[in-house]
Amino acid sequence: MVGFELTKTQQLCKELFHNFAENEIRPIARDMDEKEEYPRELLDKLQKAHMFGIPYPQELGGAGADVLTYTLAMEELSKVDASTGITLSVHTSLCCPCIYENGTDEQKERFLRPLISGEKIGAFSLTEPNAGTDASGVQTTADKDGDYYILNGSKMFTTNAGIADTFVVFALTDKSKGPKGMSAFIVDRTMEGITVGTNIPRMGIRAASNCEVAFTNVKVPADRLLGKEGGGYKIAMTALGGGRIGIGAQAVGIAQGAINEAIKYVKERKQFGKNISKFQNTQFKLAEMQTKVDAARLMVWRAAVEKDKHGNYAPLAAMCKLFASETANEVTRGCVQLFGGYGYSREYPVERAMRDAKITEIYEGTSEAMKMIISGTMKL
Amino acid sequence: MKIVVCIKQVPDTTEVKLDPKTNTLIRDGVPSIINPDDKAGIEAALTLKEQLGGTVTVVCMGPPQADVALREALAMGCDDAILMSDRAFGGSDTYATAHVIAAGLKTLDYDLIITGRQAIDGDTAQVGPQIAEQLGIPQVSYAAEVKTAEDGAVVVKRQFEDRYQLLKVKTPCLITALSELAQPRYMTVSGIVNAYNKEVKVLTFEDVKNNLNPDFIGLKGSPTNVKQSFTKQVKGAGTVINVSADEAVKTIMDKLIEKHII
């Protein structure tokens, strides 16, 4: 990226993501939300279009595109359906990076390649019933037993759990050391002792899979340890640091999608004898909202470019996530208001956008956690 | 099989709006796309390549901006791309365009040439058949299905409004593709990344001048003269007469006689 212009490659990728979202997802997005289920056929189509390995090298079967291109995918897909956004995001920017950045060549070949190709879907299991923002409170254990680690415990709110094949699971290998005793493991869904619960009923992103996962004496071969024993907390925090760029882009997409719907609506809706687009209240409201969304997008791009440069992107990612998610909530609420009663009805997609927006302030670090990260860099 | 697909970059007519004052097309800001019939041709070519092996080369005549259409074709899976671009080619009608493209195709080795049936901006359906004529190879227009036969020939289902023909044709040959021929695949992200790392070969007048007659290209080489272009007048609303059938027939006959039509 030079200045604020997308490169030709990025522009053509954006066109692809846009067309894919419009043709393949828009017609079924509402139905997916109502049914609270992610269709297998759509996963297959995403795989066919090579969407699961966008920012990974072609040597590993990835697309060889940059992180900025990945944010374009997140935005374009989330404009139409935020559930698709999070499904792809957890796979691409939480699960895969743990293996890509910490795995051995053998682990990358064996576990990452099928994830990047989309043949397998990835999940990231860190959060527990008693360990949310304070991830150091993880209680799941991994006890070494010969060539195996024995996993016991339970994870909460694991996105993609219902559809994933490969889980990166965080567990304590040394309970006495707190977060420094946490390690990361590559776990297959098919391993004995894993129970994936039913989909947790949620307010938004309802088509995405999100379940509790229980581990009972799961024998994980020792060659599935990522990095070193005790390195898990850092692996998780690093992955989340990058993942937030994806969530920022998702939030921008949700907001822009809602604005686009509102623009269409206000040009058609007549009250007091004219289209409501002619009222200055409508115009100013949309102008304010679009300005914030543009600002959020630029922050997402800045963080993405910094990550592409292998710079210190984490604080920028936290800022873009904080701002974009709060913008998405404000904007979707504003769009529902512009639609009036129809906005509140499930006939129009803005109420779904408003419900979907809320989670972006919560997952992969709450807004409050983002403020902790950002203020932590300010030498206060 | 060596397949060449000829494509045209056209304005996306679904996005074109009319200027209400001048009644002319507003082309500013209208996105350019690969002509839909041509895109179906690309898909058909890629499918044949997957079945038989070989290569797919995509050729486009147009201004330098048409480069993006060729990149898109590469991102769908085509192997090579050629842009025929030169001021000398500008203003060509269908005959001159076919003459230029045929000159470019003479520099290539091919078994099968696929063009779209017609472009959504001009709607002539002439360039494909004219290329075949200029190259002196057999052609099958309006292809709705293409298969290969054991002897290297191709079998084409040629669609008409109310019937179809199955034609077996020896290669090299040219077919013009209906959009029904194939549902085009999406580009892939890796395809796009690689498309911009590849070279789009540019053929100018200099490169193909030995294969063409300079009197038959560009505006001056175009036999078509546009005499006038106008916007069709909107017809007035008709008169609806609600009467019995017999009375209606009489009314219509009287009107026709009155207007000296019969």
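Tutor: Two strands pair if DSSP finds at least two bridges between them; strands (E, at least two residues) and helices (H or I, at least four) are DSSP runs, numbered from the N terminus. This is a predicted model, in which local features need pLDDT of at least 70, side-chain atom pairs count only at pLDDT 80 or more, and totals for chains, interfaces and linings use all residues. Residues are numbered from 1 along each chain as its sequence is written, while chains are lettered from A and ligands numbered from 1 in the order in which they are written.

Student: How many bridges join strand 10 of chain B to strand 11 of chain B?

Tutor: Strand 10 of chain B (residues 154-159) and strand 11 of chain B (residues 164-169) run antiparallel. They form a hairpin with 4 residues between them, and Lys157(B) stands opposite Leu166(B) in strand 11 of chain B. The number of bridges that join the two strands is 6.

Student: Which strands of chain B stand at the edges of the sheet?

Tutor: The sheet is open, has 9 strands with mixed pairing, and follows the order 11-10-9-12-8-1-6-7-13 in chain B. An edge strand has a single partner strand, so one side of it is left without a neighbour in the sheet. In chain B these are strand 11 and strand 13 (200-203).

Student: What is the bridge partner of Cys60(B) in strand 7 of chain B?

Tutor: Strand 6 (residues 55-61) and strand 7 (residues 80-84) of chain B pair in the parallel sense over 5 bridges. In strand 7 of chain B, the partner of Cys60(B) is Leu83(B).

Student: At what angle does helix 3 of chain B run to strand 6 of chain B?

Tutor: Helix 3 of chain B (residues 94-105) lies across several strands of chain B, including strand 1 (2-7) and strand 8 (112-116). Axes are lines fitted to C-alpha atoms, for helices over the stretch in contact, and angles run from 0 to 180 degrees between N-to-C directions. The angle of helix 3 to strand 6 of chain B is about 145 degrees.

Student: Why is helix 4 of chain A described as roughly parallel or roughly antiparallel to helix 6 of chain A?

Tutor: The axes of helix 4 (residues 82-102) and helix 6 (residues 232-268) of chain A come within 9 Å and cross at roughly 155 degrees. Angles under 35 degrees count as roughly parallel, over 145 as roughly antiparallel, 65 to 115 as roughly perpendicular and the rest as oblique. That crossing angle therefore makes the two helices roughly antiparallel.

Student: How many charged residues are in the contact of helix 4 with helix 6 of chain A?

Tutor: Residues are in contact if their C-beta atoms, placed from the backbone, lie within 7 Å. Gly85(A) and Ser89(A) are among those of helix 4 of chain A, and Gly242(A) and Gly246(A) among those of helix 6 of chain A. Ala, Val, Leu, Ile, Met, Phe, Trp, Tyr, Cys and Pro count as nonpolar, Asp, Glu, Lys and Arg as charged, and the others, Gly among them, as polar. The contact has 10 nonpolar and 11 polar residues, and the number of charged ones is 1.

Student: Which helix supplies the largest share of the side of domain 1 of chain A that touches domain 2 of chain A?

Tutor: Chain A is divided into domain 1 (8-116), domain 2 (122-230) and domain 3 (234-376), with bounds from an automatic or database domain assignment. The contact takes 22 residues from domain 1 and 18 residues from domain 2 of chain A. The largest share of the domain 1 side, 12 residues, comes from helix 4 of chain A.

Student: How many residues of chain A are in contact with chain B?

Tutor: On the side of chain B, helix 2 (67-76) and helix 5 (189-195) each supply at least two residues. That side divides into 8 nonpolar, 2 polar and 2 charged residues. These 12 residues of chain B meet residues of chain A numbering 14.

Terms used:
Contact = placed C-beta atoms within 7 Å.
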